[in-house]
Amino acid sequence: MRLLLIADTHLPKRAKALPDEVWIAVAAADVVFHAGDWVDLPSLEELDARSARLVGVFGNNDGPELRTRLPEVARVELEGVRFAMIHETGAAKGREARCDGWFPDADVLVFGHSHIPWDSVTPGGLRLLNPGSPTDRRRQPHCTYMTAEVVDGTLGAVELHRLPQRKVS
């Protein structure tokens with residue numbers, strides 16, 4: 001099973017549209033995760049229409065329209081792997097312990113907010129994944145997203161994809 005992980009798209013404020021590379025990844029994915037900060041409802045609707053399956057949560061920059069359509073925390077089991085997703089996990093310091101406490105029944109936690117890619121495993125064995133942002137690199141050298149796969153009931157390869165620099169018009 002092929003997964004696409006994105007977050008913090010901030011459309012249309014940070015970019016007018018998702019990069020073509022992300023749409024190609026959407027088309028190839030069995031499940032798309034979006035960890036919040038969509039900013040506008042048309043982004044959710046387009047991603048939902050173009051995804052085989054979409055799992056999303058709202059972020060701190062998402063208004064009432066998005067908050068009525070999306071949960072703060074999403075949970076889904078895919079071929080035996082228990083995923084949870086939330087937009088914000090707080091400061092990097094202490095993140096592993098906090099997330100172990102918040103999500104004791106998950107195998108993988110997808111999160112966003114910082115725009116900083118993150119891939120670690122907590123002392124409790126929870127895999128933490130933040131795909132960064134495909135549209136707003138902030139202080140990072142690149143805009144990013146992640147792909148992953150579920151194979152035989154386990155999370156397989158996780159890959160961070162760096163997008164080429166875009167010209168801002």
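**View 1. Leu 109 and its partner across two parallel strands.** Start with Leu 109: its bridge partner is Leu 128, over in strand 8. The two strands involved are strand 6 (residues 108–110) and strand 8 (residues 127–130), and they run parallel, joined by 3 bridges. Before going on, keep in mind that everything shown here comes from a predicted model. Strands of a sheet pair through backbone hydrogen bonds, either parallel or antiparallel.

**View 2. The hairpin of strands 7 and 8.** Strand 8 also pairs with strand 7, this time in the antiparallel sense, over 4 bridges. Look for Asp 119, which stands opposite Leu 129 of strand 8. How many residues sit between the two strands of this hairpin? There are 5, and Gly 125, in the turn, has a positive phi of about 95°.

**View 3. Ser 120, tucked into strand 7.** Zoom in on Ser 120, a residue of strand 7 (residues 118–121). Is Ser 120 buried or exposed? Its relative accessible area is 15%, so Ser 120 is buried, given that the cut-off for buried is under 20%. The Ser 120 side chain makes a polar contact with the side chain of Glu 96, at 3.2 Å. Setting aside neighbours within four places in sequence, Ser 120 is in contact with Glu 96, Leu 126, Arg 127 and Leu 128. You've met Leu 128 already, as the bridge partner of Leu 109.

**View 4. One open sheet, with strands in the order 4-5-6-8-7.** Step back a little and strands 7 and 8 turn out to belong to an open sheet of 5 strands, with mixed pairing. Why is one side of strand 4 (73–78) and of strand 7 left without a neighbour in the sheet? Both stand at the edges, and each has a single partner strand, so there is nothing beside them in the sheet on the other side. From one strand to the next, the twist averages 15°. At the strand 4 end, 6 bridges join strand 4 to strand 5 (residues 81–86), and these two run antiparallel. One pair to pick out is Val 73 with its bridge partner Ile 86 in strand 5.

**View 5. Helix 4 against that sheet.** Helix 4 (residues 95–102) packs on the sheet of the previous view, touching strand 4, strand 6, strand 7 and strand 8. The direction of helix 4 makes about 70° with that of strand 7.

**View 6. Another open sheet, in the order 3-2-1-9-10.** Here are 5 strands forming an open sheet, again with mixed pairing. Strand 3 (54–56) and strand 10 (154–162) stand at the edges; each has a single partner strand, so one side of each has no neighbour in the sheet. The twist averages 20° from one strand to the next. Which strand pairs with strand 10 in the antiparallel sense? That's strand 9 (residues 144–151), over 7 bridges. For a landmark, find Thr 147, whose bridge partner in strand 10 is Glu 159.

**View 7. Helices 1 and 2 on this sheet.** Helix 1 (residues 20–28) packs on the sheet and touches strand 1 (2–6), strand 2 (31–34) and strand 9. Its direction makes about 145° with that of strand 1. Helix 2 lies across strand 1, strand 2 and strand 3, and runs at about 150° to strand 3.

**View 8. Ser 43 in helix 2.** Stay with helix 2 (residues 41–50) and you'll find Ser 43 in it. With a relative accessibility of 11%, Ser 43 counts as buried. Not counting residues up to four places away in sequence, Ser 43 touches Leu 11 and Trp 38.

**View 9. The whole chain, for orientation.** Zoom all the way out and the protein chain has 4 helices and 10 strands. Starting at the N terminus, the elements run β-α-β-α-β-α-β-β-α-β-β-β-β-β. The C-alpha trace spans about 45 × 35 × 30 Å along its principal axes. A compact globule with 169 residues would have a radius of gyration near 15 Å, and the chain agrees, at 15 Å. Buried residues make up 49% of the 169. Of the contacts between residues at least 6 apart in sequence, 55% join residues at least 24 apart. As for the outside, the chain exposes about 8200 Å², and carbon and sulfur atoms supply 51% of that.

Key: Residues are numbered from 1 along each chain as its sequence is written. This is a predicted model: local features need pLDDT of at least 70, side-chain atom pairs count only at pLDDT 80 or more; totals for chains, interfaces and linings use all residues. Side-chain values use heavy atoms; hydrogens and water are left out. Buried means under 20% relative accessible area, exposed over 50%, partly exposed in between (1.4 Å probe, protein chains only). Contact means heavy atoms within 4.5 Å. Two strands pair if DSSP finds at least two bridges between them. Axes are lines fitted to C-alpha atoms, for helices over the stretch in contact, and angles run from 0 to 180 degrees between N-to-C directions. The radius of gyration is taken over C-alpha atoms; the globule rule is 2.2 Å times the number of residues to the power 0.38. Accessible areas come from the Shrake-Rupley method with a 1.4 Å probe; for residues, only the protein chains shown count as cover. A polar contact is a pair of N or O atoms within 3.5 Å; within protein, one must be able to donate a hydrogen and the other to accept it, and residues adjacent in sequence count only if both atoms are side-chain atoms.
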